[in-house]
Every structure is written in C-alpha cells, then in structure tokens.
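Good morning, colleagues. Please take a moment with the sequence and the structure before I begin.

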Amino acid sequence: MNSPGVYLDAASAAPLHPVARQALLAALDDGWADPDRLYGQARRARQLLDAARAATAETLGVRPDEVSFTSSGTTAAHAAVLGGLTGRRRAGGTLVHSAIEHSAVLHAAHRHVAAGGTAVAVPVDRLGRLDLPAWEGAVRAPGVALAALISASHEVGTVQPVAQAAEVCAAAGVPLHVDAAQSVGRIPVPSGWSVLTASAHK
C-alpha cells in the first residue's frame with residue numbers, strides 16, 4: 001500500500017486555493033477575449049480581469065489602478081528594479097539590496113552594474129536576517145536610487161524586518177522595492193514599501 005507523499009516545496013509553488021481554481025477556470029472558459037474591446041465576450045473578460053485586480057488590490061492594501069499583472073514573479077522583480085532605477089536616474093546610480101535577494105533581483109542588479117551602475121549588497125547575520133545598521137549606512141549614502149529587500153527568505157524562511165528597513169528608506173528619501181513572493185497570502189503585507197512584487201503560484 002502506497003502512503004501519500006509529503007510535499008516539501010511550497011516555497012516554490014503550492015496547490016491552488018479552491019476559490020483561485022474557480023477563478024482560473026472561469027477565466028479559461030469566459031475570459032479568453034480581448035478585454036479592451038466592446039463586444040460581449042470582451043466585456044466578460046474585462047469583468048474577470050477587473051475582479052482579479054480588485055481582489056489583488058484589497059490583499060495588498062492599494063487601489064486597483066496601482067496593480068499590474070505580469071507573466072511571472074521574475075518578470076515583475078526585473079521590471080520593479082530596473083524600472084525603478086531608470087525612473088530615479090537623476091537621483092543617482094546605486095542600487096542597495098540585501099545579500100540574499102532572489103536571483104531575479106540579483107540578475108537585475110548585475111544587469112544594472114553591467115550598464116555602468118553600482119550595486120551594494122548589504123550583509124545578513126547567520127540566520128539570514130538583514131543587518132539593519134549596515135542597511136542604514138548603505139541607504140543613506142549619496143547617489144542611492146533604489147533599495148530592494150526580500151520580505152522572507154525563499155530558502156531558509158527568515159522573515160526580514162521590512163518595516164524597519166522601510167523607515168530607513170523613507171528617512172533617506174529612497175524608494176523601496178519589496179519582493180513579497182514568499183509572504184503575500186501567508187503573513188500580513190509589510191508596510192512602507194514603494195513597489196511590491198509577488199507571485200500567484202506561490
């Protein structure tokens with residue numbers, strides 16, 4: 001007799017919640033049309049899209065028009081970091097991030113450096129928790145355009161002090177990108193961020 005397996009990779013992907021499954025099936029059945037058109041099927045697709053955007057906005061505590069959907073968490077993180085740096089080019093060319101960011105953020109940092117920018121990796125302690133004094137020193141340095149912090153480690157589960165890191169960023173006038181892929185839907189959304197990314201399949 002086979003015993004049911006134990007699933008140990010929920011940090012990468014988790015089964016759909018029943019309500020999310022219903023929404024996905026409705027989108028597959030009724031949401032295939034172009035939501036920007038005015039005919040019947042398109043209006044139904046727009047209703048489904050607007051409902052998804054409103055539900056996401058409520059979870060994040062933002063307005064629906066502040067929510068953008070992308071094809072993946074990686075795409076969202078790349079857009080947040082590289083777009084944030086581009087938008088703040090006049091403020092400087094430095095990205096500050098923790099040393100344990102997801103590879104999506106680290107790859108964006110490498111791309112930024114390859115294009116002539118600077119990236120500063122802030123260390124963590126032996127439990128993977130951000131060194132807040134080092135973070136403050138890095139964020140307050142001249143020329144910082146953007147800071148990036150993962151909300152919880154996707155490998156060891158350490159929850160980062162996002163609220164405190166955000167206070168430091170606010171005091172320095174530096175926008176904060178939070179990669180909340182591991183926390184949205186599991187713990188309350190951290191406060192103080194400027195841009196937040198997450199991933200539905202997690």
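I shall speak about the annotated domain, the sheet, the nonpolar cores and, lastly, one serine.

Please bear in mind that this is a predicted model. An unreviewed UniProt entry carries the annotation "domain: Aminotransferase class V" for residues 6-202. Across residues 6-202, helix accounts for 41% of the chain and strand for 12%. The C-alpha atoms at the two ends of that range are 17 Å apart.

I turn to the sheet. In general, the strands of a sheet pair through backbone hydrogen bonds, in either a parallel or an antiparallel manner. Here, five strands make an open sheet, with parallel pairing and the order β2-β1-β3-β4-β5. Which strands stand at the edges? They are β2, residues 118-122, and β5, residues 195-197. Each has a single partner strand, so one side of each is left without a neighbour in the sheet. On average, and with direction ignored, neighbouring strands of this sheet are turned by 20° against each other. At the β5 edge, the pairing with β4, residues 176-179, is parallel and runs over three bridges. Within that region, H177 has V195 of β5 opposite.

Next, the nonpolar cores. The largest of them has 20 residues, and V96, W135, V139, A147, L149 and L176 are those with the most contacts inside it. Two or more residues are given to this core by each of α5 (132-139), β3, α6 and β4. The largest share, five residues, is that of α6. Another core, of 12 residues, lies apart from this one and includes A77, L95, A109 and A145.

W135 deserves a closer look. Leaving aside residues up to four places away in sequence, W135 touches, among others, V96, A147, L149 and L176. Its contacts also include H97 and S98, as well as A165, V168 and C169.

Finally, I come to S153, located in the loop between β3 (144-150) and α6 (162-172). Is S153 buried or exposed? Its relative accessibility is 10%, and because the cut-off for buried is under 20%, S153 counts as buried. What does the side chain of S153 reach? One partner is the backbone nitrogen of V156, at 3.0 Å. A polar atom of the S153 side chain also lies 3.1 Å from the backbone nitrogen of E155. Beyond four places in sequence, S153 touches T158 and Q182.

That concludes my presentation; thank you for your attention.

Notes:
Residues numbered from 1 in each chain as written. Predicted model: local features only at pLDDT ≥ 70, side-chain atom pairs only at ≥ 80, totals over all residues. Heavy atoms only, no water. Helix = DSSP H or I, 4+ residues; strand = E, 2+ residues; numbered from the N terminus. Buried < 20%, exposed > 50% of the residue type's maximum accessible area, 1.4 Å probe, protein only. Polar contact = N/O pair within 3.5 Å; in protein donor to acceptor, adjacent residues only side chain to side chain. Contact = heavy atoms within 4.5 Å. Pairing = 2+ DSSP bridges. Axes fitted to C-alpha atoms, helices over the stretch in contact; angles between N-to-C directions. UniProt positions renumbered as here; feature names shortened; annotations may be inferred. Core = buried A, V, L, I, M, F, W, Y, C linked by side-chain atoms within 4.5 Å.
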